[in-house]
Amino acid sequence: MSSMSRRQATAVVFSGLISTQTLLGFGRPVAAARRGTVFKTATCGCCAEWVKVLSRAGIKLDVKDVDSLINIKKMLRVPPELQSCHTAVIGDYVFEGHVPVREIKRLLRERPKAIGIAVPGMPIGSPGMEQGSRKDPYQVVLFHKSGKRVFAEY
């Protein structure tokens, strides 16, 4: 069993929040691309707005409100410098923060060897962080076990 599988299995056993099929990637790719799980705190309004954006785009997320995301982010191998306010698992990938739908669909379509993609922090104008017409520039970062690279820029 690889270290990723071991960590994922640990997450399943201890959190009981994500199906084994989703975490270990045994589910059908098409179905996995349409469903996922997001971990957030109960009081985070911008996270709930991000979930609505994905829902309108046809990606349904099971919402799991938790007291702390520290262990989830650690188990899913989200680098500290890429962390944001919520973490989702869709298909075989981790999505950290306010990732745009276009980049989620692109990652699921292209299927690069990666852990996932992240929008670090909470940039104004990213999905769920809309503030009128203000849009701050931000990057979507692809991360894998040996590093990271810019996946898209907004």
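This report describes the overall make-up of the chain and then its salt bridges.

The model is predicted, so local features are reported at pLDDT of at least 70 and side-chain atom pairs at pLDDT 80 or more, whereas totals for chains, interfaces and linings use all residues. Residues are numbered from 1 along each chain as its sequence is written, and side-chain values use heavy atoms, with hydrogens and water left out.

**Overall make-up**

The chain holds six helices and seven strands, where helices (H or I, at least four residues) and strands (E, at least two) are DSSP runs numbered from the N terminus. Read from the N terminus, the order of these elements is α-α-α-β-α-β-α-β-β-α-β-β-β. Of the 154 residues, 47% count as buried, a term that stands for under 20% relative accessible area, with exposed meaning over 50% and partly exposed lying in between (1.4 Å probe, protein chains only). The chain exposes about 8100 Å², of which carbon and sulfur atoms supply 53%; these areas come from the Shrake-Rupley method with a 1.4 Å probe. Taking contacts (heavy atoms within 4.5 Å) between residues at least 6 apart in sequence, 55% join residues at least 24 apart.

**Salt bridges**

Side chains of opposite charge can pair when their charged atoms come close. A search of the whole structure finds 10 salt bridges, each defined as a side-chain nitrogen of Lys or Arg within 4 Å of a carboxyl oxygen of Asp or Glu. Among them are the pairs in the table.

| Acidic residue | Basic residue | N to O distance |
|---|---|---|
| Glu49 | Lys52 | 3.1 Å |
| Glu81 | Lys148 | 2.9 Å |
| Glu103 | Arg106 | 3.4 Å |

Glu49 and Lys52 are three residues apart in helix H4 (residues 45–56), and are therefore separated by about one helical turn. Glu49 is partly exposed, with a relative accessible area of 34%, and Lys52 is likewise partly exposed, at 43%.

The salt bridge between Glu81 and Lys148 ties together parts that are 67 residues apart in sequence, because Glu81 lies in the loop between helix H5 (70–75) and strand S3 (87–90) while Lys148 belongs to strand S7 (residues 147–153). Glu81 is partly exposed at 48% relative accessibility, and Lys148 is partly exposed at 44%.

Glu103 and Arg106 both lie in helix H6 (residues 101–110), three residues apart, or about one turn of the helix. Here Glu103 is buried, with a relative accessible area of 4%, whereas Arg106 is partly exposed at 22%. Both residues also belong to a network of salt bridges that links Arg102, Glu103, Arg106 and Glu110.
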